[in-house]
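Q: Could you take me on a close look at one part of this protein, and show how the pieces around that part fit together? I work at the bench, so a connected walk-through would suit me well.

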Amino acid sequence: MSPVLPGRALAVAATAAALIAAAAQTAPAAPAPAAAPVAAVNKVLVIGIDGTVLDRVKVADAPNLNGLMAQGLTARSTLYANPMAATSSGPGWSTIATGVWPDKHGVKDNSFTGKNYTAYPDFLTRIENAKPALHTYAAADWEPITSTDQNGPIFSPTVDKRLSLKGDRDGYGSEDPKIAAAASAELRDQNPDAAFVYFGEIDHAGHSSGAASQEYLNTIGRVDKLVGQLLTAVAARPTYAQENWKVLVTTDHGHTDAGGHGGSSIQERGTFVIAKGAGIAAGSVRGDVRLVDVAATALQQVGVPTAGLDGVPLDTPDSDPFDTLRPALQARVDETGIPAGVKGFTHTPPAGWSVDNSKMGTGGVTEWAGWAFATDEFWSQSQRDQWRELNVRSRDVFAVADSDEWDDKSHTGTFDSTLVTPKWPVTGGTTRTLAFQTHYRHEAGQSAQVLVSYNGAAPSVVKNYTADAVAKGEAITLQVPAGATDVQVRFRYSGTNNWYWTVDNVTLG
């Protein structure tokens, strides 16, 4: 090949440069790198409406509250009763705010004697302690919620901004509209990450006119408009499109038809949680939600740990096999104190479980002839004020052996029934933890035992109850013997006209 002359080389280079420039002018521009998606900012609003009965909300002119139910979750729940705490506002709002039951937060009535907010602070204070850069807000016209008087505050001074008005509870003289106006401005124009807003007028209507009255319905309608103000304020935020809001609505206690609360009736103990937000199915209804879950859900929404709480976030999966029995629950047979329309018990165990009644006497009250599976609404109404209302750490459907109620009808023999788990796989030489929630009331003449057997061998006792175990979580360490490949657990209860034992959420960890 002939060598390229210097002049020709320059010409070739010039021609190549021209072609490259022309191609650059005619070729489409390379796309710019895609911008990373902006993560939505999680925020939460909890609306507390004092003394509100869910069934009355459903029939009231309350489009905002009923709209939230249609767009999200509705969950009925029940409270404790004395001696754990009265069904009054102090214990109720303390339970909602702290995410633990009264046996931990210490508030048993409106005197606030024994309060332990230092160990169990409100959820806004927990947020401030964990993430001080987040903005928190609380507004109420019942002084113990946000004021610094001797009874409160339930929401501590650590909260960034608190509004406390003195509600006179005099019908239209309620401070609720002022609370709504101030809170709406805060939600719309400022930047709260977590907020609690309280309305109290419905409780006043319950006391003055009764929950069955038209005035109670009218008051629900008025407060519903205030709830609508808050929802409108959130949606009107300039940054709303970049935010992920979770809204929860709840109440501290119920009311009797004639008016009043504080006692152990199911009307006074009735509460609810309504929730709307990402991950919550529209129109969903659940029976496993408790009042303590409000704080846990609010904390999780803004990324704050919930360890140590009795509550669990709403999106926590329900893996309890007893809860699968809800569609099969029946109405009363022999019991007379339970309303006829309440479906709340069955003797059919969940798949893999069994009940051994080979030593069980015959006759007695049908509902409690051996281990049964029941709801709190059903079981606690079988006989009030005998601590059945204290079974707060069970959820939805739980197992119950009740020799006291069984004895209320003639029978032969004694109560002696054993609840048996499936066989669970284990590895020999390891340690496993048997965990469950329980509520046991003891007296002489009855027996309650937890037994385990490996590979079908004779069961041995790992727990023997000799004293009350009121609404507590159990964790029993099992030393799995060498060569074992499965374990089976038995809960044996015996007695006659004694007390009872409940078991729930049994797991092998």
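A: Happy to! This is a predicted model, and a good place to start is the lining of the largest pocket. Six elements each supply at least two residues of that lining: α2 (54–59), β2 (73–78), α11 (266–269), β7 (270–276), β8 (284–286) and α13 (376–379). Strand β2 gives the largest share, five residues. The pocket itself has a volume of about 920 Å³. Its lining counts 36 residues, and those nearest the centre are R76, S77, T78, I266 and E377. Sorted by class, the lining holds 10 nonpolar, 13 polar and 13 charged residues.

Several of these strands belong to a sheet, so to speak of the pocket wall is also to speak of that sheet. Eight strands make up this open sheet, in the order β4-β3-β5-β1-β6-β7-β2-β8, with mixed pairing. At its edges stand β4 (161–164) and β8, each of which pairs on one side only. From one strand to the next, the twist averages 15°.

Let us begin at the β8 edge. Strands β2 and β8 run parallel and are joined by three bridges. Within this pair, T74 stands opposite V285 of β8. Another residue of β8 is S284. With a relative accessible area of 19%, S284 is buried, because the cut-off for that label is under 20%. Beyond its neighbours within four places in sequence, S284 is in contact with G72, L73 and T74.

Now move along the sheet to β5 (194–199). Strand β5 is mostly covered, with six of its six residues buried. The cover is on both faces: A194, F196 and Y198 are buried on one side, and A195, V197 and F199 on the other. In the sheet order, β5 sits between β3 and β1. With β1, it pairs in the parallel sense over six bridges, and there Y198 is the bridge partner of G48. With β3, the pairing is again parallel, over four bridges, and V197 is the bridge partner of A139.

Two helices that pack on this sheet come next. Helix α8 (residues 176–189) touches β1 (41–49), β3 (136–140), β4, β5 and β6 (243–250), and its direction makes about 165° with that of β5. Helix α12 (residues 293–301) touches β1, β6 and β7, and its direction makes about 170° with that of β6. Strands β1 and β6 are thus touched by α8 and also by α12.

One residue of α8 deserves a closer look: E186. This glutamate counts as buried, at 11% relative accessibility. Leaving aside neighbours within four places in sequence, E186 is in contact with Y137, K161, N191 and P192. Of these, Y137 falls within the span of β3, and K161 falls within that of β4. The C-alpha atom of E186 is also separated by 8.5 Å from that of A233, although the two residues are 47 apart along the chain.

Helix α6 (residues 123–130) fits into the same picture. This helix is mostly covered, with six of its eight residues buried. The buried ones are F123, L124, T125, R126, I127 and E128. What covers them includes strands β1, β3 and β5, together with helices α4 (89–98) and α12.

To set this part in context, here is a brief look elsewhere in the model. A second open sheet has six strands in the order β9-β12-β13-β22-β17-β20, with antiparallel pairing. Its edges are β9 (345–346) and β20 (469–479); each has a single partner strand, so one side of each is left without a neighbour in the sheet. Inside this sheet, β13 (residues 397–402) and β22 (residues 500–508) pair in the antiparallel sense over four bridges, and A399 stands opposite V503 in β22.

The second largest pocket has a volume of about 470 Å³. It is lined by 24 residues, with V312, R393, R395, Q437 and N505 nearest its centre. One of these, N505, falls within the span of β22. By class, this lining has eight nonpolar, five polar and 11 charged residues.

Note on methods: Residues numbered from 1 in each chain as written. Predicted model: local features only at pLDDT ≥ 70, side-chain atom pairs only at ≥ 80, totals over all residues. Heavy atoms only, no water. 1 Å grid on protein atoms, 1.4 Å probe; cavity = no way out; pocket = protein on both sides within 12 Å on 5 of 7 lines; lining within 4 Å. Points joined across faces, edges and corners; volume = space filled by probe spheres on them. Nonpolar A, V, L, I, M, F, W, Y, C, P; charged D, E, K, R; others polar. Pairing = 2+ DSSP bridges. Axes fitted to C-alpha atoms, helices over the stretch in contact; angles between N-to-C directions. Contact = heavy atoms within 4.5 Å. Buried < 20%, exposed > 50% of the residue type's maximum accessible area, 1.4 Å probe, protein only.
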